[in-house]
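User: I want to learn how to read features from a model. Can we start with cysteines and then take helices?

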Amino acid sequence: NMKLSKPTQPHYVRCLKPNVHKVGGLFQTSKVLDQMTYAGLFEAVKIRKSGYPNRIELKRFLKNFAAVIPDERRVKAFAVCPTERAKASALVKLIDAESKGSIKSGKDVFAGKNFVLMRTPYYHAIHRFRHEIMKIQFEECIKSRDIARLRSVCRRAEELELKFPEAKLAQELLMFLEAVQNVVEVRVPKLTSIQEEEEQLDAKEIFERFDYEKGRIAMQLNAKIGPIAEELGAGNFEE
């Protein structure tokens with residue numbers, strides 16, 4: 001059906017015979033190497049590496065790297081860009097400026113119709129730069145201990161599949177702070193209502209139950225803060 005095949009893109013698979021005997025479990029290195037050489041695979045790789053071997057879809061490029069530019073400047077620059085390609089070109093210039101000379105795009109990057117094409121040095125440079133900027137953002141959010149900010153950066157870390165230590169620490173801290181919030185807003189009020197709920201208990205029994213619940217809450221919070229205690233400079237929940 002031409003309607004189905006027309007919008008697709010062709011991909012070619014080069015098949016290599018592992019041996020000349022056409023049997024399983026036998027791999028003849030020299031024969032495979034000859035096939036790869038005669039098929040021009042090594043030359044194709046060499047040509048590809050000398051050009052733009054790294055390609056990222058326009059939408060993914062914008063999603064992955066727009067976060068390194070402050071919102072005000074990014075929004076202002078994107079406002080005059082009618083297409084994703086124009087936004088990608090604008091983002092490349094913004095990254096050049098934001099990096100303060102550590103990244104120079106020049107002819108190492110090109111925003112095409114569907115992809116942003118990059119030479120290998122530029123590809124690695126912008127990933128390092130993104131890591132450095134995102135690391136600073138995460139450190140600031142961790143120091144602030146603000147739940148809303150932590151939720152925002154943790155959501156971004158999940159979207160961008162960020163795996164560096166600061167991202168993991170922010171996620172652990174967020175879990176801890178949400179647990180504390182739950183204690184303050186839900187569990188502590190329940191503790192204070194013990195006396196009202198248990199009118200038949202005497203003062204000693206009420207105190208023992210309150211102390212037990214308090215100890216259980218503290219133990220659970222200490223378990224959550226364990227993985228982040230060293231970075232936060234705190235040994236337990238009381239600190």
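Analyst: Start with the definition. A disulfide is a covalent bond between the sulfur atoms of two cysteines. To call one here, the two sulfur atoms must lie within 2.5 Å. Keep in mind that this is a predicted model.

User: How many disulfides does a search of the whole structure find?

Analyst: The count is 0 for the whole structure.

User: Are Cys15 and Cys81 buried or exposed?

Analyst: Relative accessibility decides: under 20% is buried, over 50% is exposed. Cys15 has 66%, so Cys15 counts as exposed. Cys81 has 13%, so Cys81 counts as buried.

User: What does the overall picture look like?

Analyst: The protein has 12 helices and 3 strands. It has 239 residues, and 32% of them count as buried. Its accessible surface is about 16900 Å², with 54% belonging to carbon and sulfur atoms. Now take the contacts with a separation of 6 or more: 60% of these join residues 24 or more positions apart.

User: On to helices. How far apart are the end C-alpha atoms of H8, and what span should its residues give?

Analyst: Helix H8 covers residues 147-160, which is 14 residues. At 1.5 Å a residue, H8 should span 20 Å. The end C-alpha atoms are 20 Å apart, so the two agree.

User: Which residues of H8 are buried?

Analyst: First the general idea. An α-helix has 3.6 residues a turn, so residues three or four places apart point the same way. In H8, the buried residues are Ile147, Leu150, Val153, Cys154, Ala157 and Leu160. Seen down the helix axis, they fall within an arc of 160°, so they line one face of H8.

User: What happens at the ends of H8?

Analyst: At the N-terminal end, Asp146 acts as the cap. One of its side-chain oxygens lies 3.1 Å from the backbone nitrogen of Ala148. Just after H8 comes Glu161, with a positive phi of about 55°.

User: Now a charged side chain. Is Arg74 buried or exposed?

Analyst: Arg74 has a relative accessible area of 17%, so Arg74 is buried. Arg74 sits in helix H5, residues 71-78.

User: What lies 3.0 Å from a polar atom of the Arg74 side chain?

Analyst: The backbone oxygen of Ala66. Ala66 also appears in the contact list of Arg74. Leaving aside neighbours within four places in sequence, that list is Ala66, Ala67, Ile69 and Leu94.

Key. Residues numbered from 1 in each chain as written. Predicted model: local features only at pLDDT ≥ 70, side-chain atom pairs only at ≥ 80, totals over all residues. Heavy atoms only, no water. Helix = DSSP H or I, 4+ residues; strand = E, 2+ residues; numbered from the N terminus. Expected span 1.5 Å × (residues − 1). Buried < 20%, exposed > 50% of the residue type's maximum accessible area, 1.4 Å probe, protein only. Arc of directions from axis to C-beta. Polar contact = N/O pair within 3.5 Å; in protein donor to acceptor, adjacent residues only side chain to side chain. Contact = heavy atoms within 4.5 Å. Areas by Shrake-Rupley, 256 points an atom, 1.4 Å probe, with all protein chains shown as cover.
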